[in-house]
Amino acid sequence: MTCFRYILALAIKEFLALLRDKRSRMVIIGPPIAQLLIFGFAATYDLNNVPVVIFDEDRGVAARELVSRIDGSPNFQVVTTISHDSEIAPLIDNKEALLVLHIGQNFSADLMQGRTAPLQAILDGRNSNTAMIAMNYLRTILLDYNRSWLESQGRSGPLVTLQTRTWYNENLQSRWFIIPGIVGLLTLVVTLLVTALSVAREREAGTFDQLLVTPLRPTEILIGKAIPGIVIGLLQATLIIVLMVLFFNIPLRGSIGALYLGIVLFLLSAVGIGLMISAIAATQQQAVLGAFLFLVPSVILSGFATPIANMPQLVQWLTYLNPLRYFLVVVRGVTLEGDGYALLMNQYWPMAIIGVASLAFAGWLFRNRMY
Amino acid sequence: MRLLGMIHKESLQILRDPSSISIAFVLPVVLLFLFGYGVSLDAKLIPVGIVIEQPDTATQSLAGAFERSEFFQPYHFDSIQTAQQMLNERHIDGILWMRSNFSSNLLAGEEAPIGVIINGVDSNQANITQGYIQGTWLAWLSRYAESRGHSLPMPVSLEQRVWFNAALSSRLFLVPGLIAIIMTMIGSLLTALVVAREWERGTMEALMVTPLRIGELLAGKLIPYFALGMTGMLFSVALAVWQFEVPLRGSLWLLMVSSALFMLVALAIGMLISIVAKNQFVAGQLAIIVTFLPAFILSGFLFDINSMPEWVQLITHLVPARYFVAILQTLFLAGDVWPVVLSNMGALLIMLLFFFTLVWRKSHKHLE
Amino acid sequence: MSGAVITLSAVSKSFHRAGHKITALDSIDLTLQPGRVTGLIGPDGAGKTTLMRLVAGLLLPDKGAIRVLGIDALARPLEVQSSIGYMPQRFGLYEDLSVQENLELYADLQGVPVAQRAARFQKLMQMTSLSPFTRRLAGKLSGGMKQKLGLACTLVRSPRLLLLDEPTVGVDPLSRRELWQIVYRQVQEVGMGVLLSTAYLDEAERCDEVILMHQGKLLGQGTPAEFSRPVSGRIFQASAAGCSHRRLQEQLSRAPGVLDALIEGEAVRLVMETPGKPEPEALLPEQQNLQLTAVEPRFEDAFIARLKRPRDLGSMTLSLRKKVTANTDDEVIRVHNLQRRFGDFIAVNDISFSVRRGEIFGLLGANGAGKSTTFRMLCGLLPASSGELAVAGHDLRQAAASARGRIGYMAQKFSLYTSLSVIQNLRFFSSVYGLRGRQQKARLEWALTTFELEPFRDANAGDLPLGYKQRLSFAAALMHEPEILFLDEPTSGVDPLARREFWTRTNALAEAGVTVLVTTHFMEEANYCDRLVIMAEGEVLIEGTPLTMKASARTAENPDPTMEDAFIQLIEQRQAQQATA
């Protein structure tokens, strides 16, 4: 009971210290909202209005029909048409066009005679991902065009067709992928900053010594310092989830309980790592730098923007130490896939282990690292 | 002499401070290796489930096409339920489902659809997976048609030619863009921190009462960090070219000139932040929010600017890294494309003048 | 040319902080003559630093004109800065540069020709006795050496006017003495004008002229003797056989007509409200043996007489609910062959001492002597490398948490939560010491009234004036009525008025049976201790009472040595020993 009182007193003190300071308040509230908006709107792999240039040497009806299909797609926008080969290079070089479509002289003739008519696509590969996505869009349009051409000629297309359905993210919007990830990202950033600075700041101000000479046990100090991180993280995560559902219309299909179990375990590990950085750092600058050095790789190696499966095996092993990796599966699992507890079990226990281990280490450092 | 003294002092401090060195050299290496080797948008060996309800030669040859592909790692399942279960548990990313009437329909000359289910959570990967499946399917179709003695009815076929990065390797565009991020970090974050540190430790007050002119004070800070940033840049370029085998098709001198221009802009922003913040904590926060994150997200380094909403696109015009990323990707992969390089350098020059005027007007030798 | 070095006419300056307007300087008129050392004296918040910064051209006044060396400081600050030397309170030494590199940097900035440098550096290094350390990083120097290096850097190009903002804060007596010697040499050799602010009142006597400031106003300007004149005939030394000087001081401070009572050696120094020797019986009717002798006034007496505000003295004492009644011969703190090493460096070398219940025990020594390290080991903040230590029978590092509940600790620099309010700080510390409910409420009330913190109840601890911060720290350490109190440099940087209050309270605690272990580098404060040790380079030089220590330093030419004399003599003896060894 006394123990509980001590922890409560500490936790209240931590909250007051955080929230009474204008600067810390700013850190907790300002950047996360700004980041949610910027990430939410800017971070998308979907392409809109890719600038396309048409080099049509055929000028037949079939060619025009193809061009109008491309121009009609929201993904592409025909910016200009050219009539000479030499105009292609400057347009691509100067980034005025991402894609140049060259329709050869015999395009319509070939089509009418049932021969295969080649369509040449020249892409700017400087951003290979953009190029690849644009190509996929183009291919889909072309498949469609082929099918309707054959139909209009009274011929059937290939008998074997693909009937594609995408699960969980039916329209393949990358926003649905990115925004649930932001829940994990922002929660991690804020929790880490709140906790990573907490001990370092007290060490710099000399108040940590003052704490250590009180009858508080290191475990009590540890718990007292962990609580604000977890509470703030929980509020933050809740705020972002509410915004995500109401503002960005991301579905929340699974069990909220499973999501919150994941959040709590994730916060536990984030707080543990934060306190560990804090206990190692002698000054606030080192703590900020340490947090930064942890954050950057852990975001990159989490599957937030690029899939873990594409990484080399060695790097993949490294990601097992990263709590964000597990949490991203939980958020996306619950929001998009509608997962419950059972399916996420394999994500829960690694986070719990990381959390407990890092907290234990941080607690040990409190007493044993004096300089 | 005063200026030389300042430069000498700053250089000594940089050399003795482990955190400067780590931001200038260790972090770039870590980032370059992470992005160069660790991060890739190019999917390899996508695990797919294949369900064949009635095996025969047609389905075998189709499954064989997927097994031989370098993009897929196929697993066979007996029923669609098991496969869906596996998809649900994230063991596989996609399913190809040939129903029991597949072959009979095919023989009867009726349409025989292959059911494709893709996990769309990661939409980008799903798109790529879909593209690979289409490609494999088309290739199989034409081979299947050939084997039966007639050709595939294909009215229009696509011949793609990708310039500058024929293999569409994402490393070739991530690594040059990363140089912009690294220079932003050295220029803005590090400079903001060190100038703020002078305020915090009271050394600024001692500097101010010396006859040092404000211009000398600024130049004394700028020159060493400029040198540090350019060293970091050359170091990253060397790594990019030799370690990651990114081609440098443009000329090195143009790369140096444009990097110098960008470095000055980054430094000016760093200075401005430290003048406003005057303490390391706030300076660090501001630098990350104002320079680092935008350089990451709004520069076109990772996400395509043209696809952002109109108002976000307007904001990206205020991000200096946007111009530099464009220059870098062009110089590395395309070559000296003057219109691109010049227009972006022009934008950087305008930013430079703007920020330097601000720095100049904000700095004075008073404590308030 | 005998023009004034500094002329201020009707200069005012105010700051805006958290919505309040703070008047730092209120229409100051001032003229300073060249070739003399002028002391700028005043309690915290008097506006000393603001005045210095205005003169150095670092701030612009709201009103008024400033001329420095005949130059308009507002219009041409750069010209002023080229001809003055200014050493701010926290001098801007680059800690990651070596001594030599710091000197070179300032020589570059001040435009000292390269040809003259070698000679100038050598002279400065000799003067500051830093010659052996030119290659050492500035961050690795002791506090006194840093200040000397700071002074050397400001003197690289002999300026015509030298501004020194509290140059001797936190500096040990030996270094302090050296700093003063350097300053006077500059005045004598090159006729430099010096303006120097200080919180040490004994230093005021070393100045040619003193400017007294209080709350942004100029109270007076004159020689130290001129200041002392109004209080002549009001200063007495009191002693009483069979009564401890501490108790006597406490009683006298409440006596009628007494403005101030200060422990001085084994006697009590009195400042009376009116001139004329008072009757001993009138002062203390119950004390028979009271002896009063008239003494010469000092600047400090005048300072106190002018600035001490009349107060309800009842609140100065501490009501302690529980009196510690155990045997006073108990050894509460015992240290035996204690050693602490950091790598090769031995911070504390084989020290032993013990403290009895109800004693005020002092740990004296220069910065870096190992006082704080010893302290941190005693409080369980740092493990000892070898040796034994016990506080109330426990080693606090291993002892159960409850053992820590019996001690109170006040760290060297203000170490409470700056963003929490006064009451929040007190409430937090009382809760972690297990106080709650009605008891906690009572202690909070007690703390607010006793330490006169009530008006600041909801102010952020970080925004308090320095003296109040120190009170708050003290209050927080006392919330749980500890038996043993650790005070690490409690009066460092605190102005004389606040220091007096602090010692009055500490005395009362000791009278109530609380054991107090205190470190200080103010030698005069040693007089408050029952017993003390003097430390240097991690070793105990001497242990004893203040009286025996002073007696050992008595010589023919100095029949009545101060504690500072005793300290310097000890250190010099040690240095002589080391030189011969």
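Domain bounds, as used here, come from an automatic or database domain assignment. On that basis, chain A of this predicted model is divided into domain 1, which covers 2–43 + 173–368, and domain 2, which covers 50–152. Domain 1 of chain A is thus written as two stretches of sequence. Between the C-alpha centres of domain 1 and domain 2 of chain A the distance is 48 Å.

Chain A also meets chain B. To this contact chain A brings 86 residues and chain B brings 83 residues. On the side of chain B that touches chain A, at least two residues each are supplied by the helices α2 (18–38), α6 (123–147), α7 (170–201), α11 (280–297), α13 (320–334) and α14 (338–362), and likewise by the strands β4 (112–119) and β5 (156–163). The element of chain B that gives the most to this side is α6(B), with 12 residues. Sorted by class, the side of chain B that touches chain A holds 49 nonpolar residues, 26 polar residues and 8 charged residues. A reader tracing this contact in the structure may also look for strand pairing across the two chains: strand β5 of chain A (residues 160–167) runs parallel to β4(B), and 8 bridges join them. One of the residues to look for is A:Val160, whose bridge partner in β4(B) is B:Ala112.

Chain C comes next, beginning with its domains. Its domain assignment gives domain 1 (6–220) and domain 2 (228–310). The C-alpha centres of these two domains of chain C are 36 Å apart. Their contact draws 9 residues from domain 1 of chain C and 6 residues from domain 2 of chain C. Within domain 1 of chain C, α7 (201–204) and β9 (209–214) each provide at least two residues of the side that touches domain 2 of chain C. Here α7(C) has the largest share, with 3 residues. The classes on this side of domain 1 of chain C are 6 nonpolar, 1 polar and 2 charged residues.

Further along chain C there is an open sheet of 6 strands, arranged in the order β19-β20-β21-β17-β22-β23 with mixed pairing. Because β19 (407–410) and β23 (539–544) of chain C each have a single partner strand, they stand at the edges, and one side of each is left without a neighbour in the sheet. From one strand to the next, the twist averages 15 degrees. Inside this sheet, strand β17 (residues 360–365) of chain C runs parallel to strand β22 (residues 531–536) of chain C, and 5 bridges join them. Among the paired residues are C:Phe361 and its bridge partner in β22(C), C:Arg531.

Helices also pack on this sheet. α17(C) touches β17, β20 and β21 of chain C, and its direction makes about 150 degrees with that of β21(C). Helix α12 (residues 371–378) of chain C lies across β17, β20 (484–488), β21 (515–520) and β22 of chain C, and runs at about 150 degrees to β20(C).

The helix α12(C) leads on to another sheet, since α12(C) lies across β15, β16 and β18 of chain C as well, running at about 120 degrees to β15(C). These 3 strands make up an open sheet of chain C in the order β16-β15-β18, with antiparallel pairing. Its edge strands are β16 (345–356) and β18 (386–391) of chain C, each of which pairs on one side only. In this sheet too the twist averages 15 degrees from one strand to the next. Strand β15 (residues 331–342) of chain C and β16(C) are paired in the antiparallel sense over 8 bridges. C:Arg334, for example, has C:Ser354 as its bridge partner in β16(C).

Finally, α17(C) has a helix partner. The axes of α16 (residues 466–478) and α17 (residues 496–511) of chain C come within 10 Å and cross at roughly 15 degrees. Angles under 35 degrees count as roughly parallel, so α16(C) is roughly parallel to α17(C). Their crossing is right-handed. In this contact, C:Gly467, C:Gln470 and C:Phe474 of α16(C) meet C:Ala498, C:Phe502 and C:Arg505 of α17(C). By class, the residues of the contact of α16(C) with α17(C) are 3 nonpolar, 2 polar and 1 charged.

Key
Residues are numbered from 1 along each chain as its sequence is written. Chains are lettered from A and ligands numbered from 1 in the order in which they are written. This is a predicted model: local features need pLDDT of at least 70, side-chain atom pairs count only at pLDDT 80 or more; totals for chains, interfaces and linings use all residues. Two residues are in contact if their C-beta atoms, placed from the backbone, lie within 7 Å. Helices (H or I, at least four residues) and strands (E, at least two) are DSSP runs, numbered from the N terminus. Ala, Val, Leu, Ile, Met, Phe, Trp, Tyr, Cys and Pro count as nonpolar, Asp, Glu, Lys and Arg as charged, and the others, Gly among them, as polar. Two strands pair if DSSP finds at least two bridges between them. Axes are lines fitted to C-alpha atoms, for helices over the stretch in contact, and angles run from 0 to 180 degrees between N-to-C directions. Angles under 35 degrees count as roughly parallel, over 145 as roughly antiparallel, 65 to 115 as roughly perpendicular and the rest as oblique. A crossing is left-handed if the near helix is turned anticlockwise from the far one by less than a right angle, and right-handed if clockwise.
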